Protein chains: 2
Amino acid sequence: MSVLVVGSVALDSVKTPFGAVSDALGGSGTYFSVAASFFTEVSLVAVVGTDFPEEYIDFFKARGIDTSGLTVEEGETFRWAGVYGFDLNDRDTIETRLNVFEGFRPVIPKSRVNSEFVFLGNIIPALQSSVLDQVARPRLVTCDTMNFYIEGYREDLLETMKRVDVMVLNDAECRQITGEPNLIKAARKVLELGPTTVIVKKGEHGALMATPDVFFSAPAYPCESVFDPTGAGDAFAGGFMGHIGATGDISEVNLRRAVIYGTVMASFCVEQFSVDGMTSIDRSDIERRFRMLKQVSHFEP
Amino acid sequence: MSVLVVGSVALDSVKTPFGAVSDALGGSGTYFSVAASFFTEVSLVAVVGTDFPEEYIDFFKARGIDTSGLTVEEGETFRWAGVYGFDLNDRDTIETRLNVFEGFRPVIPKSRVNSEFVFLGNIIPALQSSVLDQVARPRLVTCDTMNFYIEGYREDLLETMKRVDVMVLNDAECRQITGEPNLIKAARKVLELGPTTVIVKKGEHGALMATPDVFFSAPAYPCESVFDPTGAGDAFAGGFMGHIGATGDISEVNLRRAVIYGTVMASFCVEQFSVDGMTSIDRSDIERRFRMLKQVSHFEP
């Protein structure tokens, strides 16, 4: 089975207390695809400009990522520049140049309209809906968003959410979308908006998955060397959906495992700039951290 | 086995978005003792004024809390007043009147100098050390503190910490005491200051226990009705030490269980004002939440 992802592919310039990079491979679609590619075949739908380095497209292909939905438009690739402060929790966006991403109209390749597992990366909610219009009958649709869309595109977002199975949010977004400060109540309220499952990403505090019946509290991986948090949420989603795509199992028991694989991929992601933290590992490294998280959260009855 | 606690007994006036109380039973020693009393015998060393209601002393005794170390001094009882904002995360202290607590010099009753399990509540670090001077050979000493002592009594606190086995801090305190923004690194640095174990309380995000060898990530109980967070940290410590006192087992496996019992007691504590959330339950309620936390954090390998 394979996973379809629609998102951004960008060239990021990032500065953290530990270093800086310019025009590094970034974007939600990129982080997601690279993370998911460890588990299953991925099809990436995104847009880049004519300036996008050919080597990056080769890189995607070499990882088994299907780029038939990655279109190249006349113009420049989406560029984002940001600076992280000392504690890596707050970041300032220095520059956002949408460039060709501004006119992005996702077109799902014919060969992928039957995709069973779909991830709607962090793009304009109406475009997320347009993706769902193009796919036949996905078994599981997971959706991400951000504060900007929650505030400025609320109605469209609520429409999209009605068609989504799993909503992935960070804790601030979960509170923002529901107006509820208590995170548990907020998670429940998200479930009233359509999704049957919500996953709240809490960074260094792990993740919380809620369904109408159960809560699952996933530990964070104890990262001592957080180098650059950019893309952690998308790497999380990539590990999550990658595992689901690989197993084809959408039971609650397997969704819990998928959350742990998401946690593991995010932990590798933040250890280096761009996708380097993920590309320097192999599957055995992933399994090792999975087992470590089992130990980290274990207690005897 | 029993647990010895040294801390404050106060009359709290608290206002939250959900209600208000005046001169309610509070203080670190109180919350700790009530939580621990579900598990084991507790001996409370503290000071109150002549205005302290007799009914509260009767309440302690009825719970099997030994009050032979609770002295009554001429003057008024320690009073604290605070207001919580909408999201219950930030609180403003309206008034702190130390009264008789200002001259508190803990004296351990002769019958308790052989206590095996000692909790140093949140008081001046030099007084915490004076308690350790008075006890013979405790098997496990756990210590709490706060931002005020970390900033203003740093040297004394570092001296106390050299003599402590388990340090209990919230995440902000853990970062403050070490100057390290990464919580995992910060926890490790606390271990370099003396304690063999550090427990970082993260409120709605659960707790993290670190030893030189292992990390344990404990889930938060999914509280939907947080009414008043006052005393949650001390109730946590009471459940933690209460379980250790009851079992006499200081193995790492049992410390993990103790962290879960601490989490459970904190979850009851925040559901009502003062200690009411804890006194309205029985032991079977505690076990039910313990099992619930096992389910909440479980995933299949």
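**Figure 1. The four-stranded open sheet of chain A in the predicted model.** Four strands of chain A make up this open sheet, arranged in the order S3-S2-S6-S7. The pairing in the sheet is mixed. Strand S3 (19-26) and strand S7 (91-97) of chain A are the edge strands, and each of them pairs on one side only. On average, neighbouring strands of this sheet are turned by 15° against each other, direction ignored.

**Figure 2. Helix H2 of chain A against the four-stranded sheet.** Helix H2 (residues 54-62) of chain A packs on the sheet. The helix touches strand S2 (10-16) and S3 of chain A. The direction of H2(A) makes about 70° with that of S3(A).

**Figure 3. The pairing of strands S6 and S7 in chain A.** Strand S6 (residues 79-84) of chain A is joined to S7(A) by six bridges. The two strands run antiparallel. For one residue of the view, Ala81(A), the bridge partner in S7(A) is Glu95(A).

**Figure 4. The nine-stranded open sheet of chain A.** Nine strands of chain A form this open sheet, in the order S5-S4-S1-S8-S9-S10-S11-S12-S13. Here, the pairing is mixed. The sheet has strand S5 (65-73) and S13 of chain A as its edge strands, each pairing on one side only. The average turn between neighbouring strands of this sheet is 15°, direction ignored.

**Figure 5. The pairing of strands S1 and S8, and helix H9 on the nine-stranded sheet.** Strand S1 (residues 2-6) and strand S8 (residues 117-120) of chain A run parallel and are joined by four bridges. Within this pair of strands, Leu4(A) stands opposite Val118(A) in S8(A). H9(A) packs on the sheet, where the helix touches strand S11 (197-201), strand S12 (207-210) and S13 of chain A. Its direction makes about 25° with that of S13(A).

**Figure 6. The interface of chain A and chain B.** In this interface, 36 residues of chain A are in contact with 36 residues of chain B. The two chains bury about 3,400 Å² between them, and 56% of this area lies on carbon and sulfur atoms. Of the area that chain A buries against chain B, 22% is supplied by His205(A), Glu224(A) and Phe299(A), more than by any other three residues.

**Figure 7. Polar contacts and salt bridges across the interface, and the side that chain A contributes.** Four salt bridges are found across the interface of chain A and chain B. In one salt bridge, the side chains of Glu204(A) and Arg175(B) meet at 2.6 Å, N to O. The interface also holds 21 residue pairs in polar contact, both residues at pLDDT 80 or more. On the side of chain A that touches chain B, helix H6 (171-178), helix H7 (183-191), strand S13 (215-218), helix H9 (252-269) and helix H11 (283-297) of chain A each supply at least two residues. H11(A) gives the largest share, six residues. By class, this side of chain A has 17 nonpolar, seven polar and twelve charged residues.

Technical notes. Residues numbered from 1 in each chain as written. Chains lettered and ligands numbered in written order. Heavy atoms only, no water. Pairing = 2+ DSSP bridges. Axes fitted to C-alpha atoms, helices over the stretch in contact; angles between N-to-C directions. Contact = heavy atoms within 4.5 Å. Buried area = accessible area lost by both parts, 1.4 Å probe. Polar contact = N/O pair within 3.5 Å; in protein donor to acceptor, adjacent residues only side chain to side chain. Nonpolar A, V, L, I, M, F, W, Y, C, P; charged D, E, K, R; others polar.
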